[in-house]
There are 2 protein chains.
Amino acid sequence: MATTARSVRDVSLAASESSHDLSAAPAATRDAALVRLAELLVERTADVLEANAGDLADERAASLDAALRDRLTLDDERIAAMAQGVREIAGLPDPVGEVDEERTLASGLEMRKVRVPLGVVAVVYEARPNVTVDCAALCIKSGNAIVLRGSSYAARSNGALAAIVREALADAGLPESAVEMAEGGERSELAELATQDGVVDLVIPRGGEGLKAALREVATVPVMYAASGNCHVYVHEDSDLEMARRIAFNAKVQRPGVCNSAETLLVSAAVSERFLPGILEDLSEAGVELVGDERARAAAGDVLVGEATEADWDTEYLGMKMTVGVVDSLDDAIDHVNRHGSGHSEAIVTSSDEAGDRFTAEVDAAAVYVNASTRFTDGYEFGLGAEIGNSTQKLHARGPIGVRELTTTKYVVRGTGQVRE
Amino acid sequence: MATTARSVRDVSLAASESSHDLSAAPAATRDAALVRLAELLVERTADVLEANAGDLADERAASLDAALRDRLTLDDERIAAMAQGVREIAGLPDPVGEVDEERTLASGLEMRKVRVPLGVVAVVYEARPNVTVDCAALCIKSGNAIVLRGSSYAARSNGALAAIVREALADAGLPESAVEMAEGGERSELAELATQDGVVDLVIPRGGEGLKAALREVATVPVMYAASGNCHVYVHEDSDLEMARRIAFNAKVQRPGVCNSAETLLVSAAVSERFLPGILEDLSEAGVELVGDERARAAAGDVLVGEATEADWDTEYLGMKMTVGVVDSLDDAIDHVNRHGSGHSEAIVTSSDEAGDRFTAEVDAAAVYVNASTRFTDGYEFGLGAEIGNSTQKLHARGPIGVRELTTTKYVVRGTGQVRE
């Protein structure tokens, strides 16, 4: 943690200085740094675990609940998984230098729109040391310098991991300060980081709603908000109800703690009495707490379904709870989703092409599914590789934020003396 | 101006409501509305000119300087030019529904990344009635509803023009409230508009730095800042000096009031004594006020070149003034441009491929030119059609903001019952 004495400003400027070298480095060099990083992570596992043990033994760590403590904890297997993740990022296609458009203009100018790194990306995150390595690797791959602002709970682990990343950069002939740490839990430091206009090009918060709200208030640097997901599965009257049962169950239960899991099940009134008893029994047996509207509760058969409050329809539970509603029409389903959804991932189960087309056209979300679980919204599943988060905003990136989304474009225009008439 | 009694919130909600119909309308319908708009502009020219005369006769208009008054003034020719601009926008390729990516995923899902409208775009602008029509047409073309917040100086003209746009929408069977006016010069209304999260999807300011600073302070809705341009022409030692003279002159003089005109001329020390006297004479004779560093002034021959202050290097004159500097190397030129430029349009004149490649790779700007005037950064010149501005930011859009940049993407994913394992 040699960096703690420096100000956020100094750290950001150092990253900015290095970003030019990183951006100019060929893909082979950036990939070599990543391969070396994967090797070093394995070689230095003992050092990282020692640092991690220090974080876990710290008296402050005693205040963490079991889930947070689990996220902070590293072991051989988790470090091996980090290394494997880095190798996979190294193997992704290089987004830098990709030509998005190329044409000869009326003036005879040769125009190319090429992908270039953003410059300096800052990532603000909670006590999850793996984020240190994942985000550094995604930034190195995309030619960006990175400023990491982790949690002070993970300071020792992050310090050990960042030292390894920097050593890998140096071994590949790249500047160490392309990866900088801005440690310290002060809110004033967050504000300082989020106002480094012209030095930091993008801030990505990976954390809860409190962190995002804090950033919204102070940031002048562009921020890409990783999403919350209030996702729906709608079962249309014209649908394979066995398929609907599998999809609804999977969307809720397969991994309830992530943003692309479903929070609400909507069912067409025409099939609710046939459909609901079975799926609600499945969900209830799996341990899902159920709440619903009047018609859903009436159709629930023997399954206990509580009364849904107004707030339930807008809540991302991130856990084993689901809201169930009955709607009269496709229109009502689309309206409900657009009103309550967070624009993340929405699914319809239907055998009607027309209903599927209307749902995908009219639902306003990053990903809209026909006859599949919402759980597929993910960089790996989409064939884009590792992601730094999922965006529900509409500008720049919508859906998985992968290495390509960490780049911008530049028009490079070559002439033979053209002037404007 | 039937809309003035309604709040910014009401106006935004009305636009949002209509945005769904506009977004779902086929391209042919949106284009028909634009063709009708062009017709109506010509048919109703007398009405528009009468409204415009009212704005010009208003006592407040007396306070406008000649340039602002000119921008506010409409005539037959200017209205015909607006109509022609609208016809050209109608003729652009439709960005909505464009498929950016399409693949079958490992899970068997069919994934398409399709372009969709943003939703509601708000444009805030000064007393230029043509912006009312240009921006409305770009939004209709891209399937977006628009909230126009013009200047109260142009309220009558804007009201007449917006009424024509709304009539054209209605004639094409589209909702009139897809184009809404939020009149009123109060800063509190600007803040209200810029905080319509979930209703307004994007705010675009078309105005001076004061407006942008005001928005930066209050906006929670995403803002796309149209650029200021502190652009440079660098004359490398290995270059065709006659070509350099034409390019530097064109970049400054051809239209000095726009953002892609050059403000600074940098010349390699190796050729400054040969090059500067000629170009400085050209510029001076054209009426350009010149300031420079010590070496530029010494090489200026008989031409009067004042002393450049620190501030000059960072100033967008938007007029007939230019700063001239001598640099020792390509590195120094690149450093200077990256330090002082606003990231808009930068040019090198060189016969060296190596120098051209380094300049285009290392200069961080929306558009980088080799052997051409900076004046080409423009939607029309780039073959993208009309633009709503030029972006110097790195996220979402960099360079001309055309109809494609007014869209976002949506992943549409079709399955046969896939669930995540």
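Start by selecting strand 4 of chain B, residues 145-149, and then add strand 5 of chain B: the two run parallel and are joined by three bridges. Keep in mind as you click around that this is a predicted model.

Zoom in on that pair. Which residue stands opposite B:Ile146? Colour B:Val179 in strand 5 of chain B, and you have found the partner.

Now widen the selection to the whole sheet. It's an open sheet of four strands in chain B, in the order 5-4-3-6, and the pairing is parallel. Look at the two ends of that order: strand 5 (179-181) and strand 6 (202-206) of chain B sit at the edges, and each has a single partner strand, so one side of each has no neighbour in the sheet. If you tilt the view, you can follow the turn from strand to strand, which is 20° on average between neighbours when direction is ignored. As background, strands in a sheet pair through backbone hydrogen bonds, in either a parallel or an antiparallel way.

Next, bring in some helices. Select residues 8-24 of chain B, and you've got helix 1, which packs on the sheet. Helix 1 of chain B touches strand 3 (120-125), strand 4 and strand 5, and its direction makes about 150° with that of strand 4. Then pick residues 155-171 of chain B for helix 7, which lies across strand 4 and strand 5. Against strand 5 of chain B, helix 7 runs at about 160°.

Time to step back and show both chains. How large a turn lays chain B on chain A? A turn of 180° does it, with a shift of 0.0 Å along the axis and an RMSD of 0.1 Å. That's the relation of a two-fold axis. To find where the axis passes, select B:His396: of the residues of chain B, its C-alpha comes closest to the rotation axis, at 1.8 Å. While you're there, note that both copies use the same surface, as 98% of the contact residues of chain B recur in chain A.

Finish with chain A on its own. Switch to a cartoon view and you'll have 14 helices and 16 strands to explore. The radius of gyration of chain A is 24 Å, close to the 22 Å that the globule rule gives for 421 residues, so chain A is as compact as a globular protein of that length. Show just the C-alpha trace of chain A, and it spans about 70 × 65 × 40 Å along its principal axes. Of the 421 residues in chain A, 54% are buried.

Note on methods
Residues are numbered from 1 along each chain as its sequence is written. Chains are lettered from A and ligands numbered from 1 in the order in which they are written. This is a predicted model: local features need pLDDT of at least 70, side-chain atom pairs count only at pLDDT 80 or more; totals for chains, interfaces and linings use all residues. Two strands pair if DSSP finds at least two bridges between them. Axes are lines fitted to C-alpha atoms, for helices over the stretch in contact, and angles run from 0 to 180 degrees between N-to-C directions. Two residues are in contact if their C-beta atoms, placed from the backbone, lie within 7 Å. Copies are superposed by least squares on the C-alpha atoms of residues with pLDDT of at least 70 in both. The radius of gyration is taken over C-alpha atoms; the globule rule is 2.2 Å times the number of residues to the power 0.38. A residue is buried if 20 or more other C-beta atoms lie within 10 Å of its own, exposed if 12 or fewer, and partly exposed in between; C-beta atoms are placed from the backbone.
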